[in-house]
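Got a fold to get to know before you head back to the bench? Here it comes, followed by some questions and answers to walk you through it.

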Amino acid sequence: MHLLKTKYSSFGTEPTGGGQWLHLNLHSPVDGSKVSVVAGHKAPDPFFASGSFLMFPWVNRLEPNPWAREPFYPSIHWLTDGNGIPLHGLFHNLPRNILSETQGDLESTVRFSMDIPETWRGTLLSKIQVTEVYQLTSSELKIIYELTNQSEEEFPFALGIHPYFRWNEEESIDDLFLIGSGFHQIKLGDYLLPERILGDELLLNGELPLMGKNLDDLYGASGNETPYIGLFSMNKKEKLLISGGNFYQVYTPQDRRSIAIEPMTSTGNFLHFPGANPSLIKPHSEKKIEFSIRLDQF
């Protein structure tokens, strides 16, 4: 386990276990209490049953998939859903190695490299260097991905994270409300692949009670302001804000002890869906993707 901490916050990960998040405790700006906001991975759960992981070079599902060949498939890094559609990219369970680290009372930062398999050496994907950076302050965790294209080719990609959020361990999400900056829902088909943007109605621009709601929905930002999705409770004066994605997948597990809010640069099926807005790294260039989890007050 790796522990990043400040005087009032802490963030635990498992670098050798695919960078799984174990916990995130942030400092309440209202009363100074410690608030547990992430439902971390719990052994012996399967890797994808809980916790958080990186999705890259695609997010959620991608079919047909150009990486469905050796040395990427078949391998322990290839995951499919019940319909055989590839899930969550290839980097989700790669081991991490610490590149640098600074810890302080006000701010702490750690940088990780990805330990790619030897069988990938020489492929285009092996020439896309991914550095994972976490910056922790008392009430915020920034998650930064620094991508460097060391090849002679352009590289299209989608990137996202897949964290499960909660408001302290003992509480149900039925006590919570979703808020947001305003989104259009993207209709998903039978295989949970995006079909079309439903542009007639603006959603998540007010309060949505989670009581009794079962969600597995994809949203695209309306473009009016910096996109975010948040959580709050009527019993508390804080709100939790998740930002950085142009698209968000929101999913409620059956046990209703947490909610997945997944900020992403593009949609699933990003190479084939017209509204996916894929990202691109030009040869010998760099790109930075940044997400934020922040505990704020009303």
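## Salt bridges, sheet and pockets

Lys187 and Glu195 make a salt bridge, their closest N and O atoms sitting 3.0 Å apart. Keep in mind that this is a predicted model.

Q: Is Lys187, the lysine of that salt bridge, buried or partly exposed?
A: Buried would need a relative accessible area under 20%, and exposed one over 50%. Lys187 comes in at 33%. Its partner Glu195, at 47%, falls in the class between those cut-offs too. So the class for Lys187 is partly exposed.

Q: How many salt bridges does the structure hold?
A: The Lys187 and Glu195 pair is one of them. Glu118 and Arg121 also meet through their side chains, at 3.7 Å from N to O. Counting over the structure, the total is eight.

Q: Which residue of the Glu118 and Arg121 salt bridge is exposed, with a relative accessible area of 62%?
A: The cut-off for exposed is over 50%. Arg121 has a relative accessible area of 46%, so it counts as partly exposed. The residue with 62% is Glu118.

Q: Asp174 and Arg256 meet in a salt bridge; how many residues apart in sequence are the parts that this pair ties together?
A: The two side chains come to 2.9 Å, N to O. Asp174 sits in the loop between strand S12 (164-165) and strand S13 (176-180), while Arg256 sits in the loop between S20 and strand S21 (259-264). The pair therefore links parts of the chain whose separation in sequence is 82 residues.

Q: Are Asp174 and Arg256 buried or exposed?
A: Their side chains meet in a salt bridge. To fall in the low class, a residue needs a relative accessible area under 20%. Both Asp174 and Arg256 are in that class: buried.

Q: How many strands does the secondary structure of the protein come to?
A: Don't go hunting for helices, as the count for those is zero. The radius of gyration is 18 Å, close to the 19 Å from the globule rule for 298 residues, so the protein is as compact as a globular protein of that length. The strand count is 23.

Q: Which strands stand at the edges of the open sheet?
A: Nine strands make up this open sheet, with antiparallel pairing, and the order is S6-S7-S8-S9-S23-S19-S18-S13-S16. An edge strand has a single partner, so one of its sides is left without a neighbour in the sheet. That description fits strand S6 (96-102) and strand S16 (208-209).

Q: How many bridges join strand S9 to strand S23?
A: S9 covers residues 140-149 and S23 covers residues 285-297, and the two run antiparallel. Thr148 stands opposite Glu286 in S23. The number of bridges joining S9 to S23 is 10.

Q: How many of the six residues of strand S18 are buried?
A: Strand S18 spans residues 228-233 and is mostly covered. On one pairing, S13 and S18 run antiparallel over five bridges, with Leu176 partnered by Ser233 in S18. Of the six residues in S18, the number buried is five.

Q: How many residues lie between S18 and S19 in their hairpin?
A: S18 pairs with strand S19 (residues 238-243) in the antiparallel sense, over five bridges. Within that pairing, Gly230 has Leu241 in S19 as its bridge partner. The hairpin formed by S18 and S19 has between its strands a stretch of residues numbering four.

Q: Which residues are the closest to the centre of the largest pocket?
A: This pocket holds about 330 Å³ of space. Its lining has 17 residues, and the elements giving two or more of them are strand S17 (216-221) and strand S20 (247-251). By type, the lining divides into nine nonpolar, five polar and three charged. Closest to the centre are Arg61, His88, His162, Asp216 and Tyr251.

Q: What volume does the largest cavity have?
A: Searching the whole structure turns up one cavity of 30 Å³ or more. The residues lining the largest cavity include Trp21, Phe53, Arg96 and Glu132, and the lining divides into six nonpolar, three polar and two charged. The volume is about 40 Å³.

Definitions and conventions:
Residues are numbered from 1 along each chain as its sequence is written. This is a predicted model: local features need pLDDT of at least 70, side-chain atom pairs count only at pLDDT 80 or more; totals for chains, interfaces and linings use all residues. Side-chain values use heavy atoms; hydrogens and water are left out. On a 1 Å grid over the protein atoms alone, a cavity is a set of points where a 1.4 Å probe fits but cannot get out, and a pocket is an open set with protein on both sides within 12 Å along at least five of seven lines; lining residues have an atom within 4 Å of a point. Grid points are joined across faces, edges and corners, and a volume is the space filled by probe spheres set on the points. Ala, Val, Leu, Ile, Met, Phe, Trp, Tyr, Cys and Pro count as nonpolar, Asp, Glu, Lys and Arg as charged, and the others, Gly among them, as polar. A salt bridge is a side-chain nitrogen of Lys or Arg within 4 Å of a carboxyl oxygen of Asp or Glu. Buried means under 20% relative accessible area, exposed over 50%, partly exposed in between (1.4 Å probe, protein chains only). Two strands pair if DSSP finds at least two bridges between them. The radius of gyration is taken over C-alpha atoms; the globule rule is 2.2 Å times the number of residues to the power 0.38.
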